[in-house]
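Hello,

Here is the structure I said I would pass on. My notes on it follow below.

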Amino acid sequence: MTAAAILAASPARDAGRLRRMSLALFLGGFSTFSLLYCVQPLLPTFAHTFELSPAHSALALSLSTATLAVAILLAGGAAQRLNLKTLMFGSMVLAAACNMAAALAPTWPLLLLARAAEGLLLGGVPAVAMTYLAEETQASDLAAAMGLYVAGTAFGGMAGRVGMGLLLASFDWRMAMAAIGVIDLVAALAFFALLPKPRHVRAPAPERLSDRLRTWNEAWRRPGLLALFTLGFCLTGVFVALFNYVEFRLEGAPYHLSQTQVGLIFLVYAFGVWSSSTAGRLAERDGRRRLLLTGLAVMLAGIALTLPTSLVSVIAGIALVTTGFFIAHAVASGWVGRLAGPAKGQSAALYLLFYYAGSSLAGAVGGWFWRHGAWPAVAGFTAMLALAGVVLALRIPSEDPS
């Protein structure tokens, strides 16, 4: 039975609501990740246009994920005061506008400013989406619904990268970025039309900073959560560092691929859509730790396959890393909700803080490895992060705390 079939098998009074909720949050994940990662295929273009090093061009992505990581904590507090649906919708609309502004930026600093603002605004989606699902779905539906949300992020990541590559075949990079912004503006409107209003009665937000810090501390100290937070850092660190610099490798010797050809390689994201949408069901059936370790093992195998010069081997390696990443991320993000107890919102925010910090830091540090050791150094760096993830997965309690 697929995740979609699980949703269809929900109680009749909630089945329609759950389907609308899952489709809307699929669009939310799509919009967030297509906006966030649409610049990744443009890193070599930025390096050429603005006369930058690969590491400096990666700031167009790393800066966005860094501000997004900070914004997630702020969004967690805002979610206590604001309607969750309104908060996510407003974030999506304004972030799409920032992407269009970045497309028009005449200088590199102004482009980075627009991308930083975009990341700050997108913080209103991921943590709030996880909180919404944790509060608005039954425990038996949470894993499948979370898997479909993560599938939306995978599809958005693929659409942003592949779509950018295809647009570059006919338009310049500025027009392509603006087009992505328009597409995600439409996705935001569909999201608002589909998402049901929250039914959960929310407790008043803490008025004092000390209260909020105590709430975060409680989430931090719950068994297994710190390991999951750090695991999120490792997962996205592997994924973003590998994708950032494989483009420079494939556009150089001996491959000499065009931007459109490199963009088409990102069709391997389809494996991520499939793996994340089924990971929730498999986690309930086979156990979260086993599936998490399987995802990490698949990532390590994929990293190894990128080392030979064969283009077929490199593409197969990228496909395996993508599949393993989305399996592991779907399991880890859903596991946070199960271990968090009453501190679901704060725990989701902390997980995503680590997750996007990994994207920012590893994405930037990977440039140092690329400069000093080319692709073997980048592969070694990402393999170390994946092995750290294996150690962390073994430290998570096997049972949910009562």
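Subject of the notes: helices and three sites

In this predicted model, helix α6 (residues 84-104) packs with helix α10 (residues 173-194) at an angle of about 170 degrees, and their axes are 8 Å apart. Angles over 145 degrees count as roughly antiparallel, so α6 and α10 are roughly antiparallel to each other. Their crossing is left-handed. The residues of the contact between α6 and α10 divide into 20 nonpolar, two polar and three charged.

Next is helix α7 (residues 108-122), which has 15 residues. At 1.5 Å a residue, α7 should span 21 Å, and this agrees with its end C-alpha atoms, which are 21 Å apart. Several residues of α7 are buried: W108, L111, L112, A114, R115, A116, E118, G119 and L122.

Two single residues are also worth a look. A301 lies in helix α15 (residues 288-305). The relative accessible area of A301 is 36%, so A301 is partly exposed; the range for that class runs from 20% to 50%. The C-alpha atom of A301 is separated by 7.1 Å from that of L320, and the two residues are 19 residues apart along the chain.

S359 has its place in helix α17 (residues 344-393). Its relative accessible area is 1%, so S359 is buried, the cut-off being under 20%. The side chain of S359 makes a polar contact with the side chain of T65, at 3.5 Å.

Regards

Notes. Residues are numbered from 1 along each chain as its sequence is written. This is a predicted model: local features need pLDDT of at least 70, side-chain atom pairs count only at pLDDT 80 or more; totals for chains, interfaces and linings use all residues. Side-chain values use heavy atoms; hydrogens and water are left out. Axes are lines fitted to C-alpha atoms, for helices over the stretch in contact, and angles run from 0 to 180 degrees between N-to-C directions. Helices (H or I, at least four residues) and strands (E, at least two) are DSSP runs, numbered from the N terminus. Angles under 35 degrees count as roughly parallel, over 145 as roughly antiparallel, 65 to 115 as roughly perpendicular and the rest as oblique. A crossing is left-handed if the near helix is turned anticlockwise from the far one by less than a right angle, and right-handed if clockwise. Ala, Val, Leu, Ile, Met, Phe, Trp, Tyr, Cys and Pro count as nonpolar, Asp, Glu, Lys and Arg as charged, and the others, Gly among them, as polar. The expected span of a helix is 1.5 Å times one less than its number of residues. Buried means under 20% relative accessible area, exposed over 50%, partly exposed in between (1.4 Å probe, protein chains only). A polar contact is a pair of N or O atoms within 3.5 Å; within protein, one must be able to donate a hydrogen and the other to accept it, and residues adjacent in sequence count only if both atoms are side-chain atoms.
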